Amino acid sequence: MRAWFMDSTEGVGTLRFGEVAGPQPGSGQVLLRVRVAALNPADAFLAQGLYPAHPPLPHILGRDGVGDVVAVGPGPSPVGVGETVGILRCDVGVGVWGTLAEKVVVPMDSVTRVPRGWSLEEMAGAPLVFLTAWQALTQWSDPPAPPPAGGVLLVTGASGGVGVASVQLGKSMGLTVVALSRSEEKRAKLKTLGADVVCDPLERNLVNAVKAAISPKRVDLVVDSVGGALLTPVIALLGYGGRISVVGRSGGTVPEFNTASLFFRRIRMGGVSVGDYSAQAAQEAWQEIVDRLDAIGQRPQVDSIVPFEGVRRGFMRLGEGPMGKVLVRVAG
Ligand SMILES: NC(=O)c1ccc[n+]([C@@H]2O[C@H](COP(=O)([O-])OP(=O)(O)OC[C@H]3O[C@@H](n4cnc5c(N)ncnc54)[C@H](OP(=O)(O)O)[C@@H]3O)[C@@H](O)[C@H]2O)c1
């Protein structure tokens, strides 16, 4: 099969397009012929050695995708040969070979049928970012649960994969959504996805502008994919007992951080790790996500699709800041 190989930790710019014998499914696994794969910043971090996992090389990246079942390993399987399925978060593309290949082996308990009415493209890129957004939104209750309706959610990097998913799920939960994006065009698109307030995170008066827009309320929960210099104004916007789900670091390290900004309003910060989902928890959360998107009449957002040979171009697009997901068409 043809695949993109990671031979070193020198970044996605050094990925090699090559050939290798196709894999075979073992017990509890299925073999997929990949149709559409999706790119995530985690792939680029892993390719630079900046990720907790350090798989043996050569490695094949790609955590998301959709494909046709072409073989089923020993044991009872929830899906059969010929069915088209998506992949929920698992070790695929992390510790074992991923979806930037014509074929991929996936645990049976991590595949799911394409929801009724969804295109293959909508399915391909949704699981990782929606499961991340789901954890970010629900992790403050035990057991995890959506925040109370009527609260205010602020989403940084709102145009990205996790950001768009957070905006859509936030709307499904009855939250007022404030979405931050540096691009005017993407802010307009976020409005059409249901964001109640959109702002440029680089605006000098960001804190006052958001406060005025949501007055007399304050922000209850932040889903933060950016960090960096944006963290300080984000904390300033939170009300008493406000929480920040820390997802990513697209904006780099936080230049200055005074812990006093946390204690008077009892602000809580908590990391999000999509890697924490068990297969069963991912299946349950995924069903809830699909039902919620159906209920609000929305679908996952696709930014662009590159051909299989254009994976490096796809990663460049991801680095520019997409509006939704960047996909790779592996097979027609
Ligand atoms: N913790 C977890 O389990 C987990 C899971 C998934 C992803 N992540 C991380 O979360 C982050 C976002 O992932 P994603 O898939 O949403 O990425 P993405 O699709 O690349 O989107 C990131 C968005 O952040 C904004 N952004 C990028 N650089 C920025 C900067 N320097 N300053 C301000 N805004 C910036 C961009 O929006 P605008 O251009 O519109 O401003 C961009 O669209 C990544 O760091 C990723 O590794 C973590």
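Modeller: Let's start with a term: a residue counts as buried if 20 or more other C-beta atoms lie within 10 Å of its own. Keep in mind that this is a predicted model.

Biologist: Okay, so what percentage of the 332 residues count as buried here?

Modeller: It's 45% of the 332 residues of the protein.

Biologist: And how do I judge the overall form? What radius of gyration does the protein have?

Modeller: You compare it with a rule for globules. A compact globule with 332 residues would have a radius of gyration near 20 Å, and the protein has 20 Å, which agrees. Along its principal axes, the C-alpha trace spans about 60 × 40 × 35 Å. As for what it's built from, count 10 helices and 15 strands.

Biologist: How much of the contact set links residues 24 or more positions apart?

Modeller: Take the contacts with a separation of 6 or more: residues 24 or more positions apart account for 69% of them.

Biologist: Now the inside. Why would I look for a nonpolar core at all?

Modeller: Here's the general idea: in soluble globular proteins, nonpolar side chains tend to be buried together. In this structure, the largest nonpolar core has 93 residues, and Ala133 and Ala179 touch the most other members. Helix α3 (residues 126–138) gives this core its largest share, nine residues.

Biologist: Where does that core lie relative to the domains?

Modeller: Between domain 1 (2–125 + 300–329) and domain 2 (129–274), because both give residues to it.

Biologist: Which residues does Ala179 touch?

Modeller: Leaving out residues up to four places away in sequence, Ala179 touches Val155, Ala158, Val167, Leu190, Ala195 and Val198.

Biologist: Back to those domains, then. How far apart are the C-alpha centres of domain 1 and domain 2?

Modeller: They lie 29 Å apart. The contact takes 10 residues from domain 1 and nine from domain 2. On the side of domain 1 that touches domain 2, you'll find three nonpolar, five polar and two charged residues.

Biologist: Last one: the ligand. Which residues come nearest to it?

Modeller: Read the surroundings as a shell. There are 32 residues around the ligand, and Gly157, Gly160, Gly161, Gly248 and Gly321 come nearest. The elements that give two or more residues to this shell are α1 (41–46), α3 and α4 (161–172).

Biologist: What classes of residue make up the shell, and which domains does it draw on?

Modeller: By class, the shell has 13 nonpolar, 16 polar and three charged residues. Domain 1 and domain 2 each supply at least three residues to the shell.

Terms used: Residues numbered from 1 in each chain as written. Predicted model: local features only at pLDDT ≥ 70, side-chain atom pairs only at ≥ 80, totals over all residues. Core = buried A, V, L, I, M, F, W, Y, C linked by C-beta atoms within 7 Å. Buried ≥ 20, exposed ≤ 12 C-beta atoms within 10 Å, placed from the backbone. Helix = DSSP H or I, 4+ residues; strand = E, 2+ residues; numbered from the N terminus. Domains from an automatic or database assignment. Contact = placed C-beta atoms within 7 Å. Nonpolar A, V, L, I, M, F, W, Y, C, P; charged D, E, K, R; others polar. Near = placed C-beta within 6 Å. Rg over C-alpha atoms; globule rule 2.2 N^0.38 Å.
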